[in-house]
Amino acid sequence: MDYEWKNIGLLAAIPRQGARRLCFGQGGRPIAVFRTAEDELFALIDECPHRQGPLSEGIIAGKTVTCPLHSWVIDLADGAAQSPDKGNTPSLPVKLVNGEVFVGLTAKVMV
């Protein structure tokens, strides 16, 4: 799939075990970029699959984020809710180039 890579700034602007909610979205939905304690980066639509809680405000542990509204645990790599919960939030590609973070957006739903 072809992506338009959007530069969202320096890695240093995203705290370890934290997130940054972007001021633009994908298909009208907000995006969050997460940074783990090991400096891995993940991007998800910033909505829990349960009740659209802001995942960017959740707690990151390992490669998961816990929704601040109802404590659903979401896998950062693929957006899947952990059992016994069911659901999925879309993930987006993210890459690091020379200390800058880029998120891949699809042209047909870019905002």
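Select Thr 66 and Val 73: in this predicted model, Val 73 in E7 is the bridge partner of Thr 66. Widen the selection to the two strands, E6 (64-66) and E7 (73-75). E6 and E7 pair in the antiparallel sense, over three bridges.

Now add E5 (59-61) to the view. The three strands make an open sheet with the order E5-E6-E7, and the pairing is antiparallel. E5 and E7 are the edge strands, each with a single partner, so one side of each has no neighbour in the sheet. From one strand to the next the twist averages 30°.

**The loop after E6**

Stay with E6 and E7 and pick Ser 71, which is found in the loop between them. Ser 71 is not a glycine, yet its phi is positive, near 65°.

A second residue of this kind is Gln 52, so move the selection to the loop between E4 and E5. Phi of Gln 52 is positive at about 60°, and this residue is not a glycine either. The relative accessible area of Gln 52 is 48%, which makes this residue partly exposed.

**The two cysteines**

Next, show the side chains of Cys 48 and Cys 67. Are these residues buried or exposed? Cys 48 is buried, at a relative accessible area of 2%. Cys 67 is also buried, at 4%.

How far is the sulfur of Cys 48 from the closest cysteine sulfur? The distance is 3.9 Å, to the sulfur of Cys 67, and that is too far for a bond. A disulfide would need the two sulfur atoms within 2.5 Å. Seen from Cys 67, the closest cysteine sulfur is that of Cys 48, again at 3.9 Å and too far for a bond. The count of disulfides is therefore zero under the 2.5 Å cut-off.

**Salt bridges**

The count of salt bridges comes to five. Begin with Glu 47, beside Cys 48 in the numbering. The side chain of Glu 47 meets that of Arg 29 in a salt bridge, with 2.9 Å from N to O. Arg 29 belongs to strand E3 and Glu 47 to the loop between E4 and E5, so the pair ties together parts that lie 18 residues apart in sequence. The two ends differ in burial class: Glu 47 counts as buried at 16% relative accessibility, whereas Arg 29 counts as partly exposed at 33%.

Select Glu 40 and Lys 63 next. These two residues form a salt bridge in which the closest N and O atoms are 3.2 Å apart. Glu 40 is in the loop between E3 and E4, and Lys 63 is in the loop between E5 and E6, so parts 23 residues apart in sequence are tied together by this pair. Glu 40 is partly exposed at 28% relative accessibility, and Lys 63 is partly exposed at 43%.

Then go to Asp 39. The side chain of Asp 39 makes a salt bridge with that of Arg 16, at 2.6 Å from N to O. This pair links distant parts of the chain, 23 residues apart: Asp 39 is in the loop between strand E3 (29-35) and strand E4 (41-45), while Arg 16 is in the loop between strand E1 (4-10) and strand E2 (18-26). Asp 39 is partly exposed, its relative accessible area being 28%.

Keep Asp 39 and Arg 16 on screen and add Arg 35. Arg 16, Arg 35 and Asp 39 are linked in a network of salt bridges.

**Charges over rings**

Two lysines are worth displaying together with the aromatic rings that they face. For one view, select Lys 6 and Phe 24: the charged end of Lys 6 sits over the ring of Phe 24, 5.1 Å from the ring centre. For another, select Lys 95 and Trp 5. Lys 95 lies over the face of Trp 5, and the distance to the ring centre is 4.2 Å. As for rings with rings, the count is one aromatic pair.

**A cis peptide bond**

End the tour at Ser 83 and Pro 84, with the backbone shown. Which form does the peptide bond between them take? The bond from Ser 83 to Pro 84 is cis, with omega near 15°. Pro 84 has its place in the loop between strand E7 (73-75) and strand E8 (91-92).

Terms used
Predicted model: local features only at pLDDT ≥ 70, side-chain atom pairs only at ≥ 80, totals over all residues. Heavy atoms only, no water. Salt bridge = Lys/Arg side-chain N within 4 Å of Asp/Glu carboxyl O. Helix = DSSP H or I, 4+ residues; strand = E, 2+ residues; numbered from the N terminus. Buried < 20%, exposed > 50% of the residue type's maximum accessible area, 1.4 Å probe, protein only. Phe/Tyr/Trp six-rings, centres within 6.5 Å; stacked < 30°, edge-to-face > 60°. Lys NZ or Arg CZ within 6 Å of the ring centre and 35° of its normal. Pairing = 2+ DSSP bridges. Axes fitted to C-alpha atoms, helices over the stretch in contact; angles between N-to-C directions.
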